Amino acid sequence: MKYARSEALHREATQVLAGGVSSNFRYQGYGASPVPLFYSHAKGARLFDIDGNEFIDYAAANGPTILGHAPEPVLAAVRDSLAKGQLYAGQHAGEVALAKRICELVPCAELVRFASSGSEADQAAVRLARAKTGRSKIIKFEGHYHGWFDSLFVSVNPTMDKAGPVSAPNAVPQTPGQAESALADLIILPWNDIVAFEHVMRTRGDEIAGVVMEPILCNTGAIAPAPGYLERVRELTRDNGTLLIFDEVITGFRVALGGAQSLLGVTPDLAVFAKAVAGGFPLAVLAGRRDVMELVKSENVMHGGTYNASVFTIAAGLATLEELSRDNGAVLAAMRTRGEHLMGEIRKLADKHGEPMKVRGFGAVFHPAFVSGGDFRNYREFLNADAPRRLRFNTLLHEEGVRVTARGTWFMSAAHTDADVEETLRAVDRAFAALS
Ligand code: PMP
């Protein structure tokens with residue numbers, strides 16, 4: 001792969017864009033290119049950079065492009081909507097239609113609010129939990145990501161010298177400039193450890209407003225909850241009057257139409273969606289229990305946003321959910337089957353090359369990790385995987401024209417065809433060969 005044009009434009013970018021990018025997550029060039037790449041266009045499962053390199057894209061914009069790039073039904077709906085204007089600082093019928101659809105699909109959704117990004121919808125969720133309970137503490141788990149705001153950007157990937165005891169971890173700030181006071185309102189726990197959870201609920205339950213988690217841990221290796229874990233967390237939070245918040249920004253409308261909560265059969269009090277819900281347009285959703293959501297009116301718990309429910313993002317949301325719902329969810333089912341096939345074949349290729357790789361996940365989103373010995377259940381165990389080897393593998397894949405996320409997670413889209421998958425597997429085979 002040659003990146004000369006991206007390198008030149010990156011030099012130019014650093015003169016006018018802070019750090020040369022618009023999100024810190026884009027510095028790494030996906031760990032696979034010498035500079036952040038500039039892309040010229042994308043269609044279906046394919047992404048093209050300005051040097052003419054072509055990628056089969058499993059980064060999928062970090063999850064949103066569930067129907068692939070430039071999906072015609074969504075673009076057509078957005079185009080149609082643009083003729084009606086973009087934003088009114090007032091209501092329009094589309095919001096009601098989309099809210100109804102979400103209430104039909106998502107088990108916890110009795111009422112919804114729209115926002116523009118996952119980070120802000122997560123912020124709204126913890127505010128509502130505090131308002132509902134009159135308590136201040138939120139339980140957050142190591143390795144889970146709930147956006148970049150001060151309040152929750154804590155212990156996402158702490159280094160072990162700072163992380164503290166395994167069953168009572170420190171709240172580790174993730175960025176310079178973060179308010180120290182934000183840390184005081186969080187209790188950090190290891191995920192998938194019911195003993196640690198029970199202990200905190202027993203000893204500090206009367207302080208705890210909410211528990212926020214990725215119900216499937218997609219930001220740290222696509223880890224599933226241990227059998228019974230979510231059920232017990234649900235039981236303890238309910239008994240204690242603590243709100244359970246599922247951050248379904250990745251899992252929503254991806255692992256199932258109704259999200260992880262419908263797949264796993266555990267209904268939270270509040271849930272946050274973004275990414276796949278509008279196929280790549282900036283829409284986020286806070287959904288949940290009527291009596292909690294109603295506090296935005298009855299107690300005037302503040303949730304606002306100039307861009308909330310803009311006409312074209314709602315149009316994108318309606319069109320995306322219509323495509324995903326078609327034929328009883330056939331699109332998602334096919335995507336999952338194709339993803340599971342890909343996972344299985346990657347495992348076989350790893351075996352063939354004698355690589356200690358575990359591929360964990362759900363078809364629609366999965367994560368291959370180099371790990372010998374036991375599997376992992378949470379962030380600290382995830383650190384046992386060989387991250388440098390995964391980065392090297394991702395770089396080799398990238399050279400072969402297969403792009404995955406910087407954290408090594410693969411997102412399927414409905415646009416990936418059987419031929420894309422076969423081409424991907426040939427690239428995986430060559431990447432493994434080059435690795436050893
Ligand atoms: N929660 C989760 C689980 C996420 O994966 C992300 C984004 N990767 C966010 C929240 C934040 O969403 P946004 O980037 O839209 O602010």
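The protein chain I am showing today contains 15 helices and 14 strands, and I should say at the outset that this is a predicted model, so please hear every value that follows as computed from predicted coordinates.

Let me begin with the overall picture. The chain has 436 residues, for which a compact globule would have a radius of gyration near 22 Å, and the value for this chain is 21 Å, which agrees. Along its principal axes, the C-alpha trace spans about 55 × 55 × 50 Å. Of the 436 residues, 55% count as buried, and the chain exposes about 18100 Å², with carbon and sulfur atoms supplying 52% of that area. If we take the contacts with a sequence separation of 6 or more, residues 24 or more positions apart account for 71% of them.

Now to the sheets, of which I will discuss two. One is an open sheet of four strands, with the order β1-β2-β3-β13 and mixed pairing. Its edge strands are β1, residues 39-43, and β13, residues 402-403, each of which pairs on one side only. Strand β1 runs antiparallel to β2, residues 46-49, and four bridges join the two. Together β1 and β2 form a hairpin with two residues between them, and in that turn G44 has a positive phi of about 60 degrees. To fix the register in your minds, Y39 stands opposite D49 in β2, and A42 stands opposite L47, also in β2. Across this sheet lies helix α15, residues 418-435, which is placed over β2, β3 (54-57) and β13 and runs at about 110 degrees to β3.

The other is an open sheet of three strands, in the order β11-β12-β14, and here the pairing is antiparallel. The edge strands are β11, residues 357-361, and β14, residues 410-411, and each of them pairs on one side only. Strand β12, residues 365-370, pairs with β14 in the antiparallel sense over two bridges, and within that pairing F366 stands opposite W410 of β14. Helix α12, residues 311-352, packs on this sheet and touches β11, β12 and β14, its direction making about 170 degrees with that of β11.

I would next like to turn to the backbone, where two alanines deserve a look. As a general matter, most residues other than glycine have a negative phi. Against that background, A60 has a phi near 50 degrees, a positive value in a residue other than glycine, and A89 likewise has a positive phi near 50 degrees. Where do these residues sit? A60 is placed in the loop between β3 and α2 (72-82), while A89 lies in the loop between α2 and α3 (93-105). Their surroundings can be described by accessibility: A60, at 1% relative accessibility, counts as buried, whereas A89, at 88%, counts as exposed.

That brings me to the cysteines. How many disulfides does a search of the whole structure find? The search finds zero, and two of the cysteines show what lies behind that result. For C103, the closest cysteine sulfur is that of C108, at 9.0 Å, which is too far for a bond, because a disulfide requires the two sulfur atoms to be within 2.5 Å. The sulfur of C218 also has its closest cysteine sulfur in C108, but at 17 Å, and so that pair is too far for a bond as well. As for their exposure, C103 counts as partly exposed at 27% relative accessibility, and C218 counts as buried at 2%.

Finally, let me point to T220, which lies in the loop between β7 (208-213) and α8 (229-240). Is this threonine, T220, buried or exposed? At 1% relative accessibility, T220 counts as buried. Leaving aside residues up to four places away in sequence, T220 touches G143, Y379, F382 and R407.

To close, I would leave you with two points from this predicted model: the radius of gyration of 21 Å agrees with the value near 22 Å for a compact globule of 436 residues, and a search of the whole structure finds zero disulfides.

How values were computed:
Residues are numbered from 1 along each chain as its sequence is written. This is a predicted model: local features need pLDDT of at least 70, side-chain atom pairs count only at pLDDT 80 or more; totals for chains, interfaces and linings use all residues. Side-chain values use heavy atoms; hydrogens and water are left out. Buried means under 20% relative accessible area, exposed over 50%, partly exposed in between (1.4 Å probe, protein chains only). Contact means heavy atoms within 4.5 Å. Two strands pair if DSSP finds at least two bridges between them. Axes are lines fitted to C-alpha atoms, for helices over the stretch in contact, and angles run from 0 to 180 degrees between N-to-C directions. The radius of gyration is taken over C-alpha atoms; the globule rule is 2.2 Å times the number of residues to the power 0.38. Accessible areas come from the Shrake-Rupley method with a 1.4 Å probe; for residues, only the protein chains shown count as cover.
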